[in-house]
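Me: I'd like to go through the internal cavities of this one. Can you take me through them?

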Amino acid sequence: MKATETKLKGCFILEPTKYGDSRGYFFESFNERTFNLLTGTDTHFVQDNQSFSTRGVLRGLHAQAGEHAQAKLVRVLEGEVLDVAVDVREGSATFGQHVGVVLSKENNLQLFVPRGFLHGFVVLSETATFFYKCDNFYNKESECGVHPLDQDLAVDWQLPIAELLLSDKDREALSFKEVFGAKG
């Protein structure tokens, strides 16, 4: 497995080593010892989640705060998404900056989103099955979110705005400045 740190400290793109022959392929999608060695963390995942969505569905940008903050290791089992992480760690040199990575069944890439980040994705293919591990249990009261089309963040979701499908919760979310102010 190969790990490449993004411009956001602690946020990694992971690429598994894939072995294949005429029968198909094999790769190890997760090994805690290897993962922690490559990322320099001591992360223990406690929950797996999976979602299925159609083209244009935009989920996020969400985070959990305080003691319920979550790190995530995300991947796509079917289809293709643009996965986005936004640094909201107070005092971080990259506070308010984001990275976007295309994850697909074909490229098998994964994104490690550490605690202290907003996270979201948009489906670029006709459908996508999205899978992620969390290092903390979900807590509804600790969830916060930012409007995914916030102009200050200026995320290029790679689809026309008219094609994006947002939940009521995301459509009604506050701006980045309303939620986080200038905590950078």
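Reply: This is a predicted model. The structure has two cavities of 30 Å³ or more.

Me: What volume does the largest cavity have?
Reply: About 70 Å³.

Me: Which residues line the largest cavity?
Reply: The lining of the largest cavity consists of His62, Ala63, Gln64, Gln70, Lys72, Val113, Pro114, Gly116, Phe117 and His119.

Me: And which strands supply at least two residues each to that lining?
Reply: Strand 6 (58-64) and strand 11 (117-123).

Me: Which strand gives the most there?
Reply: Strand 6, with three residues in the lining of the largest cavity.

Me: How does that lining divide into nonpolar, polar and charged?
Reply: For the largest cavity, four lining residues are nonpolar, five are polar and one is charged.

Me: OK, moving on. How much space lies in the second largest cavity?
Reply: The second largest cavity holds about 40 Å³.

Me: Which residues line the second largest cavity?
Reply: Ser29, Phe30, Leu73, Arg75, Gln110, Phe131 and Lys133 form the lining of the second largest cavity.

Me: Which strands supply at least two of those?
Reply: Strand 7 (72-78) and strand 12 (127-134) each supply at least two residues to the lining of the second largest cavity.

Me: How many nonpolar, polar and charged residues are in that lining?
Reply: In the lining of the second largest cavity, three residues are nonpolar, two are polar and two are charged.

Terms used:
Residues numbered from 1 in each chain as written. Predicted model: local features only at pLDDT ≥ 70, side-chain atom pairs only at ≥ 80, totals over all residues. Heavy atoms only, no water. 1 Å grid on protein atoms, 1.4 Å probe; cavity = no way out; pocket = protein on both sides within 12 Å on 5 of 7 lines; lining within 4 Å. Points joined across faces, edges and corners; volume = space filled by probe spheres on them. Helix = DSSP H or I, 4+ residues; strand = E, 2+ residues; numbered from the N terminus. Nonpolar A, V, L, I, M, F, W, Y, C, P; charged D, E, K, R; others polar.
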